[in-house]
Amino acid sequence: MADSTDPRTAPPAATTAGDSAPQDTYLQKRTLRRGSAGPLLLTGLGVAYVVSGDFSGWNNGLAQGGFGGLAVAAVLMGLMYTCLVFALAELASILPTAGGGYGFARRALGTWGGFLTGTAILIEYVLAPAAISIFIGDYVESLGLFGLTSSWPVYLACFVVFIGIHLWGVGEALRFSLAVTAVAVAAVVVFAFGALTDFHVSALNDIPVDASAFGSSSWLPFGVLGIWAAFPFGMWFFLGVEGVPLAAEETRDPARTLPKAMAAAMGILLLLALVTFVAATGARGSAAVQSVGDPLVQALQPHGEPTTVSRIVNYAGLAGLVASFFSLIFAGSRQLFALSRAGYLPRFLSLTSRRKAPYLALLVPGALGFALAAATGDGARMLNIAVFGATISYALMSLSHIVLRRREPGLPRPYRTPGGTLTSSVAFALACAALVATFLVDKQAALMALGVYGVALAYFAFYSRHRLVAAAPEEEFAALAAAEAELERD
């Protein structure tokens, strides 16, 4: 069967590739609610993706690199995300569709590149909510809420309640996300004021030094290699912010709004990362918080006794987890919706409801996430798998920016990345380094992610690549480029 992405063999205007249904009917059943999100909601969405990482997870990097190692890793990962966000802002202004990273890579790297990128993003956004639901369950148990002694009812409640809000409508969902995120950010500010009053520089480097490690010192207790091993944990301060372009089809004036919202969200996250990291380690000591599940709470309890401020931060940590869980469900559903609408995944998954919500793209990953959480209870392993998928997508999206800049310099760009391809090249190099670092932290998680990737690629190679939908926005955009290139050759 001819590949529908080739403009010479694309189906007639009235049909989709491999399908006799009219295009307008097909796309009408797969339409999102336009103009629901403005700059404030999108900025809140970008922060919501990430804010749970300020409350837990990052501190495990202290056990890999010590204060100095994690500090360098966090700076490098902050640089990677900043460069990536600037590159994605340009790409999102060129192609503001729900496909996000898949759409960008589809134009630059072809169908295989698009599918590889979209699948990597899906791995991140399906596994991360499952992991966070486990952390929410742990928080609920530790706080003694509702008298629960088992976490699976919490996992179920999270998926049912929060997917229900998403089904209600995107505007309502993003406003809810903004409110919960505001509570979490306010709690980080409260934490900072409380922790910095007990700050001691000597507490930063109190982890015992491994004298056998190359380049080890009090600031790098595990040597130079510890910096590299801490990369995945430095990512936790920013993981997910790249998902803002997935809201493009539901955004007012996306070419202008998306770049501004992404830059604002990244600025807030950089500030939160600095305050959280320095205040927590300086108040209680790197050794004391390197392996606890609630580093901010522990930093406020030097003698183990709860205080008013630590209780506030403890409850707000739950709000932070809810904000990230809720927003990651949104991101995963939009990436699945776009891949399904274009035929890369089963088309029925992109159907939308009367309220223009992609209900199957919400329900199917939600059911899978709940099953994984209830069956394994291993949130750390699932997050490591999510990080592996994320680093692959970062490398491919950065590469897409480089390719499009060099191959199509005349493409209209309402927003241009500061520094051009140098900026995206920095993001690409650091993403590749972070990808390799995931094997240093959890080789089994990386191999499991590769296994999922292999199954997805087999499905694409033997089935879906022959049944793509030429009418999908991302496919039309790529086909237009191919047609223009052919005209130039003729």
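User: Hello! I'd like to start with a cysteine: is Cys432 buried, exposed or partly exposed?

Analyst: Welcome! Cys432 is partly exposed, with a relative accessible area of 28%. Please keep in mind that this is a predicted model. To read such a value, compare it with the cut-offs: under 20% is buried and over 50% is exposed, so a residue in between is called partly exposed.

User: How many disulfides does the structure hold?

Analyst: Zero. The idea is to look at the distance between cysteine sulfur atoms, which must be within 2.5 Å for a disulfide. For Cys83, the nearest cysteine sulfur belongs to Cys432 and lies 14 Å away, and Cys83 is in no disulfide. Cys432 is in no disulfide either, and its nearest cysteine sulfur is that of Cys83. As for surroundings, Cys83 has a relative accessible area of 8% and is therefore buried.

User: Let me try a loop residue. Where does Asn59 lie?

Analyst: Asn59 sits in the loop between helix H3 (52-55) and helix H4 (62-94).

User: Is Asn59 buried or exposed, and which residues is it in contact with beyond its sequence neighbours?

Analyst: Its relative accessibility is 0%, so Asn59 counts as buried. When neighbours within four places in sequence are left aside, Asn59 is in contact with Val289, Gln290, Ser291, Val292 and Pro295.

User: Now helices. At what angle do H15 and H17 pack?

Analyst: For a helix pair, read the angle along with the distance between the axes. Helix H15 (residues 379-407) packs with helix H17 (residues 443-462) at about 60°, and their axes are 8 Å apart. The two helices are therefore oblique to each other. As for handedness, the crossing of H15 past H17 is right-handed.

User: Which residues make that contact?

Analyst: From H15 come Arg381, Asn384, Ile385, Phe388, Ile392 and Leu396, while H17 brings Gln444, Ala445, Ala446, Met448, Ala449, Leu450 and Tyr453. Sorting the residues of this contact by class gives ten nonpolar, two polar and one charged.

User: Can we practise on another pair? How far apart are the axes of H6 and H7?

Analyst: They are 5 Å apart, and helix H6 (residues 152-168) packs with helix H7 (residues 170-196) at an angle of about 130°. That angle makes H6 oblique to H7.

User: Which residues meet there, and what are their classes?

Analyst: In H6 they are Phe162, Ile165, His166 and Trp168, and in H7 they are Glu172, Ala173 and Phe176. By class, this contact has five nonpolar residues, one polar and one charged. Nicely done!

Conventions
Residues are numbered from 1 along each chain as its sequence is written. This is a predicted model: local features need pLDDT of at least 70, side-chain atom pairs count only at pLDDT 80 or more; totals for chains, interfaces and linings use all residues. Side-chain values use heavy atoms; hydrogens and water are left out. Axes are lines fitted to C-alpha atoms, for helices over the stretch in contact, and angles run from 0 to 180 degrees between N-to-C directions. Helices (H or I, at least four residues) and strands (E, at least two) are DSSP runs, numbered from the N terminus. Angles under 35 degrees count as roughly parallel, over 145 as roughly antiparallel, 65 to 115 as roughly perpendicular and the rest as oblique. A crossing is left-handed if the near helix is turned anticlockwise from the far one by less than a right angle, and right-handed if clockwise. Contact means heavy atoms within 4.5 Å. Ala, Val, Leu, Ile, Met, Phe, Trp, Tyr, Cys and Pro count as nonpolar, Asp, Glu, Lys and Arg as charged, and the others, Gly among them, as polar. Buried means under 20% relative accessible area, exposed over 50%, partly exposed in between (1.4 Å probe, protein chains only).
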